[in-house]
Amino acid sequence: MQIFSGSTNKSLAQKIAKELDFPLGKVELSEFPNHELRIWVKEKKVDKEVAVVQSFAGDPNKAIIEFCLLVDALRRCGAHHIHAIIPWMGYCIQDKIFRPGEALSARVVADIIQAVKPTTIITVDLHNDSIQGFFSIPMVHLSATPLFIEYVKKNNSVDCVVAPDVGALKETTRIAHVLDLPLVIVNKKRDLKTGEVTIVSVSGEIMGKRALIMDDFISTGGTLVQTVNYLKDKGVKKTMVAVTHHLFVEGVQKKLAKSALDEFHITDTNEMPEEAKGTRLKPHIMSVSGIIAEALREL
Ligand code: R5P
């Protein structure tokens with residue numbers, strides 16, 4: 001099976017191909033002067049079964065179109081089974097209509113993806129499990145939390161698990177149970193207009209503890225910065241953050257570096273841009289390539 005990559009996460013595509021000992025197909029990605037994208041599959045022979053890796057990050061709108069064009073080009077080159085590996089499903093945050101007049105954007109994007117008819121979708125830690133219901137093609141929904149759990153078990157570095165909001169409650173309750181640690185719940189408020197995050201209260205014993213804050217993604221960094229600073233003010237000894245998807249929004253890495261964050265763990269569902277590399281806070285990056293390769297093997 002050849003693996004093809006869009007432009008957003010080539011390093012992950014390379015790692016997946018290496019894990020499976022599959023070749024990485026050649027593709028030329030370019031842009032017309034009017035900003036239309038152009039895809040050219042440069043393989044003489046395209047396998048009947050292929051996989052396409054593309055995270056809907058960086059510029060998610062461009063990433064989605066690029067993905068659709070690549071799937072279409074591969075089908076026209078003879079691929080029958082096209083497995084779409086979308087490590088970060090951009091737009092999955094917009095899984096509800098929060099205010100009357102808004103679009104159900106996650107549903108619209110699901111329809112766009114399905115218009116080019118991939119055979120299967122493999123994705124990691126969707127913002128909400130129920131988004132799977134927007135798709136009518138088979139989906140493999142993977143979780144990166146076993147990577148974090150293994151790390152914590154090995155390093156014995158945590159005294160409590162923190163849910164930074166109610167949305168994280170289900171997963172953090174499960175993780176606290178697996179690690180046999182107490183759960184601390186943060187009551188957070190977000191202004192829908194400005195996006196500003198305020199921490200209202202925290203329930204649970206935190207004084208002198210080493211806290212593991214777990215979340216599915218970082219966008220503006222507001223949730224994590226406010227949470228770690230609040231916890232430190234309330235006497236937490238060490239703050240360790242584990243998040244599956246860092247969206248690498250411009251300036252956020254610098255913002256996190258200025259916070260009271262002590263240890264920062266993420267995965268490689270999104271590629272770190274150059275701008276984020278120079279900051280004082282170096283994230284420890286755990287690769288999802290192994291779990292994705294395993295899922296591909298089992299298809
Ligand atoms: C909330 O439901 C999410 O799981 C994240 O906690 C959050 O919204 C991340 O966004 P930001 O980094 O902008 O606070």
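Start at the ligand and select the shell of residues around it: two are nonpolar, six are polar and five are charged. The model is a predicted one.

**Stop 1: the ligand**

Keep the ligand shell selected. In total, 13 residues surround the ligand, and the closest of them are Arg190, Asp215, Asp216, Thr220 and Thr223. Show the side chains of Arg190, Asp215 and Asp216. In Arg190, a polar side-chain atom sits 2.8 Å from an oxygen atom of the ligand. For Asp215, the distance from a polar side-chain atom to a ligand oxygen atom is 2.4 Å. For Asp216, an N or O atom of the side chain is 2.5 Å from an oxygen atom of the ligand. Now switch on the surface of the protein: of the 370 Å² that the ligand exposes when taken alone, the protein buries 89%.

Which elements supply the shell around the ligand? Color β9 (183–190), β11 (210–218) and α6 (222–233), since each of these supplies at least two residues. Of the elements, β11 gives the most, with four residues.

**Stop 2: strand β5 and its neighbors**

Next, select residues 81–86, which form strand β5. Is this strand largely enclosed or largely open? Five of its six residues are buried, so β5 is largely enclosed by the rest of the structure. The cut-off behind that word is a relative accessible area under 20%.

Add strand β4, residues 49–53, to the selection. β4 and β5 run parallel and are joined by five bridges. To see one of the paired positions, pick Val52, whose bridge partner in β5 is Ala84. Then follow the chain from β4 through helix α2 (residues 60–76) to β5; this β-α-β crossover is right-handed.

Now add strand β6, residues 120–124. It pairs with β5 in the parallel sense, over four bridges. Here the pair to pick is Ile86 and Thr123, with Thr123 standing opposite in β6. The chain gets from β5 to β6 through helix α3 (residues 105–115), and this β-α-β crossover is right-handed.

**Stop 3: the loops on either side of α3**

Select Tyr91, which has its place in the loop between β5 and α3. Its phi is near 80°, a positive value in a residue other than glycine. Most residues other than glycine have a negative phi. With a relative accessible area of 26%, Tyr91 is partly exposed.

Gln94 also lies in the loop between β5 and α3. At 36% relative accessibility, Gln94 counts as partly exposed. Draw a line from the C-alpha of Gln94 to that of Pro273: the two are 24 Å apart in space and 179 residues apart in sequence.

Move on to Lys117, in the loop between α3 and β6. Lys117 has a positive phi too, near 55°. Is Lys117 buried or exposed? It is exposed, with a relative accessible area of 58%.

**Stop 4: the hairpin of β2 and β3**

Select strand β2 (residues 27–31) together with β3; they pair in the antiparallel sense over five bridges. Leu29 stands opposite Ile39 in β3. The two strands form a hairpin with five residues between them, and His35 in the turn has a positive phi of about 75°.

Show the side chains of strand β3, residues 37–41, which alternate along the strand. Leu37, Ile39 and Val41 point to one face and are buried. Arg38 and Trp40 point to the other face and are not buried.

**Stop 5: strand β13 and the loop before it**

Select strand β13, residues 263–267, and within it His265. His265 is buried, with a relative accessible area of 2%. Which side chain does His265 join in a polar contact of 2.8 Å? The partner is His284.

For the last selection, go to Ser259, in the loop between α7 (252–257) and β13. Ser259 counts as buried, at 12% relative accessibility. Draw one more line, from the C-alpha of Ser259 to that of Thr120: they are 40 Å apart in space and 139 residues apart in sequence.

Note on methods:
Residues are numbered from 1 along each chain as its sequence is written. This is a predicted model: local features need pLDDT of at least 70, side-chain atom pairs count only at pLDDT 80 or more; totals for chains, interfaces and linings use all residues. Side-chain values use heavy atoms; hydrogens and water are left out. A residue is near a molecule or strand if one of its heavy atoms lies within 4 Å of it. A polar contact is a pair of N or O atoms within 3.5 Å; within protein, one must be able to donate a hydrogen and the other to accept it, and residues adjacent in sequence count only if both atoms are side-chain atoms. Accessible areas come from the Shrake-Rupley method with a 1.4 Å probe; for residues, only the protein chains shown count as cover. Ala, Val, Leu, Ile, Met, Phe, Trp, Tyr, Cys and Pro count as nonpolar, Asp, Glu, Lys and Arg as charged, and the others, Gly among them, as polar. Buried means under 20% relative accessible area, exposed over 50%, partly exposed in between (1.4 Å probe, protein chains only). Two strands pair if DSSP finds at least two bridges between them. A crossover is right-handed if, with the strands pointing away from the viewer, the path from the first strand over the helix to the second runs clockwise.
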